[in-house]
Every structure is written in C-alpha cells, then in structure tokens.
Amino acid sequence: MDSAHPGHRERVDGNAAGGLLLEIFGRDMTGARAACAHCEHEAALADAIAELDAAGVILLCRGCGHTLLTYLRSTAERTLTIGGLTRLQWSPDPR
Ligand SMILES: [Zn+2]
C-alpha cells in the first residue's frame, strides 16, 4: 500500500485493513464474519468497505453504508470505536 497523503482517504475493501485488524485482534480477521446492527447484512470483514487514511481505518457495511468500526492510530494511543458491528464470528485456526 502506498502511504496516504494527509486528508486523502482511500476507499478499498476489507483486505486492505487486514494488517490493522491483526494489530487489534492478534490474528487474521479478514475471514471473520461481521454482522451489521442496522441492516443485518452479514459478510466477511474482507468484503466490508474500508476507508484508509494515515490516521487509521473505517470499516463500512456494504449493505447499508453504516460504520461498522473505526480504528484510529496516533503516536500516543490507539482508539477502537465499535459502531454498527453487532456480531463478529470466526473459526479458531486449526492446530
Ligand atoms: Zn448494514
């Protein structure tokens, strides 16, 4: 991924947020199924709409466009805000 210019927001799919999700959850979450509280759309996080910029990522429901979650990174702290994400479901890695 090329580095975002300040103010520039790139709209991509959830795969692009994989690295940030790994940072939050400590595992690959792109295959986790996310359900939306607003429209009950359920899909893998990889299929969500992701808006990436230098400050972090916003994941949006592909069904209704509501924010599922927001993750912001500053030098001092990380902020995870849960929006319309009502359920997140994944399978444990086979060992
Ligand atoms: Zn939705």
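Arg33 has Ala44 as its bridge partner in β3. This link belongs to the pairing of β2 with β3, which runs in the antiparallel sense over 3 bridges. The model is a predicted one, so a word on confidence is in order. The chain averages a pLDDT of 91, with 92% of its residues at 70 or more. Looking element by element, strand β2 (residues 33-36) comes out on top with a mean pLDDT of 98, while strand β1 (residues 10-13) sits at the bottom with 89.

Zooming out from that pair of strands, β2 turns up in the middle of an open sheet of 3 strands, ordered β3-β2-β8 and paired antiparallel. In general, strands of a sheet are held in register with one another through backbone hydrogen bonds. At the edges are β3 (42-44) and β8 (85-89), each of which pairs on one side only. On average, neighbouring strands here are turned by 25° against each other, direction ignored.

Then there is the nonpolar side of things. The largest nonpolar core counts 15 residues, and Leu45, Ala48, Leu59, Leu60 and Leu68 are the ones with the most contacts inside it. Strands β2, β5 (56-60) and β6 (67-73) each put in at least two residues of this core, and β5 gives the largest share, with 4 residues.

Leu45 is worth a closer look. Setting aside neighbours within four places in sequence, Leu45 is in contact with Gly14, Leu21, Met29, Thr30, Ala32, Ala34 and Leu59. Leu59 from that list is also among the core residues with the most contacts.

Terms used: Residues numbered from 1 in each chain as written. Predicted model: local features only at pLDDT ≥ 70, side-chain atom pairs only at ≥ 80, totals over all residues. pLDDT = per-residue confidence, 0-100. Core = buried A, V, L, I, M, F, W, Y, C linked by C-beta atoms within 7 Å. Buried ≥ 20, exposed ≤ 12 C-beta atoms within 10 Å, placed from the backbone. Contact = placed C-beta atoms within 7 Å. Pairing = 2+ DSSP bridges. Axes fitted to C-alpha atoms, helices over the stretch in contact; angles between N-to-C directions.
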